[in-house]
Amino acid sequence: MTVHQSVWNGHINVKVVYKDSAFLLYVHRNSYFPLHYPLIAKFFSALAPTDLTSTPLWLEHEDVPIKWNLPVGVLYDLLYLPANKHKRHQWTLYLKFDTPSLLYPSNDIIPFSITSKSIDYVSMLSQVIVNQLKQSTFVMNGNARAMMSLSEDDSRTLWKAIADHDYGSFHAVAKKLHSRGQQIQRIPVKLYIAGTSTMIQAPISPGTSENPTTMNDLLHKWAPSIFDNSSALTSTPIIHGVDALAIADEPLLKIWSTFRHLDNFLYVVVTIQPQS
């Protein structure tokens, strides 16, 4: 198995709790929670006082609504990992749903639309990922034409591959978003600071073959106050649940190529702790 395939198959064990019942999920790191919402709704339907197929639901971690538009692995690294670095057990989340006394937290997470008394979670997620792919394609190429000009068949294949977690089909289409041999203008990166609401869109030039941009270059350019050597804080970049300091001097383009998510962004979660 290649490194790319290992990253693709990375997963998290999740326990969804409602009242005294629990639903266990094996979720891929590069997947998204709404792909599992229909199964969650079906499992808990007999316990809920309302029809969960037509009621918007969401998940919470320590009373914080989960931003379902982010990859599951990024959410885990951002919310669970900082306080549980040395005990990576299953991640327990709590099921919530819209009621007169508990309204959907639309100020915190993207709301879903209800059509024909049902909620099409997958369609809404598809729109979000397509928009993300347009953004990352624009960063890479200087325009989004490659994404905008995908055929209907390719667009359907791409989304089905994401929903089915199909490695071969996904990459067969994804490679069309950047032509082989074409130089990437900027690397699409998103930096998240754990424990805060800070998200930094951090596109950066890959540099040259003689002087490539590294992870250290990225961090010092976009988060200089956090990675200042004189800081009293210990800052750790996390990629796919792994401490990335060991590869901080590697070319960022290589890191992006290996660890990018399905939307072609490299997500870096920075955890901050006082120096011991």
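This dialogue walks through the domains of a predicted model and one helix pair within it.

Visitor: Into which domains is the chain divided, and which residues does each take?

Guide: The division gives domain 1 as residues 3–111, domain 2 as residues 125–175 and domain 3 as residues 187–274.

Visitor: How far apart are the centres of domain 2 and domain 3, and how many residues does each give to the contact?

Guide: Taken over C-alpha atoms, the centres of domain 2 and domain 3 are separated by 24 Å, and the contact takes eight residues from domain 2 and eleven residues from domain 3.

Visitor: What does UniProt list for residues 125–178, and how much of the span is helix or strand?

Guide: The UniProt record, an unreviewed entry, lists residues 125–178 as "domain: Autophagy protein ATG5 alpha-helical bundle region"; in the model this span is 78% helix and 0% strand, and its end C-alpha atoms lie 23 Å apart.

Visitor: At what angle do helix 6 and helix 7 pack, and how should that angle be read?

Guide: Angles over 145 degrees count as roughly antiparallel, and 65 to 115 degrees as roughly perpendicular. Helix 6 (residues 152–164) and helix 7 (residues 167–174) pack at about 140 degrees, with their axes 8 Å apart, and the two helices are therefore oblique to each other. The crossing of helix 6 past helix 7 is left-handed.

Visitor: Which residues make that contact, and of what classes are they?

Guide: Helix 6 contributes Asp154, Thr157, Leu158, Ala161 and Ile162, while helix 7 contributes Ser169, Phe170, Val173 and Ala174; by class, the contact has six nonpolar, two polar and one charged residues.

Key. Residues are numbered from 1 along each chain as its sequence is written. This is a predicted model: local features need pLDDT of at least 70, side-chain atom pairs count only at pLDDT 80 or more; totals for chains, interfaces and linings use all residues. Side-chain values use heavy atoms; hydrogens and water are left out. Axes are lines fitted to C-alpha atoms, for helices over the stretch in contact, and angles run from 0 to 180 degrees between N-to-C directions. Helices (H or I, at least four residues) and strands (E, at least two) are DSSP runs, numbered from the N terminus. Angles under 35 degrees count as roughly parallel, over 145 as roughly antiparallel, 65 to 115 as roughly perpendicular and the rest as oblique. A crossing is left-handed if the near helix is turned anticlockwise from the far one by less than a right angle, and right-handed if clockwise. Contact means heavy atoms within 4.5 Å. Ala, Val, Leu, Ile, Met, Phe, Trp, Tyr, Cys and Pro count as nonpolar, Asp, Glu, Lys and Arg as charged, and the others, Gly among them, as polar. UniProt positions are given in the numbering used here, feature names are shortened, and annotations may be inferred rather than shown by experiment. Domain bounds come from an automatic or database domain assignment.
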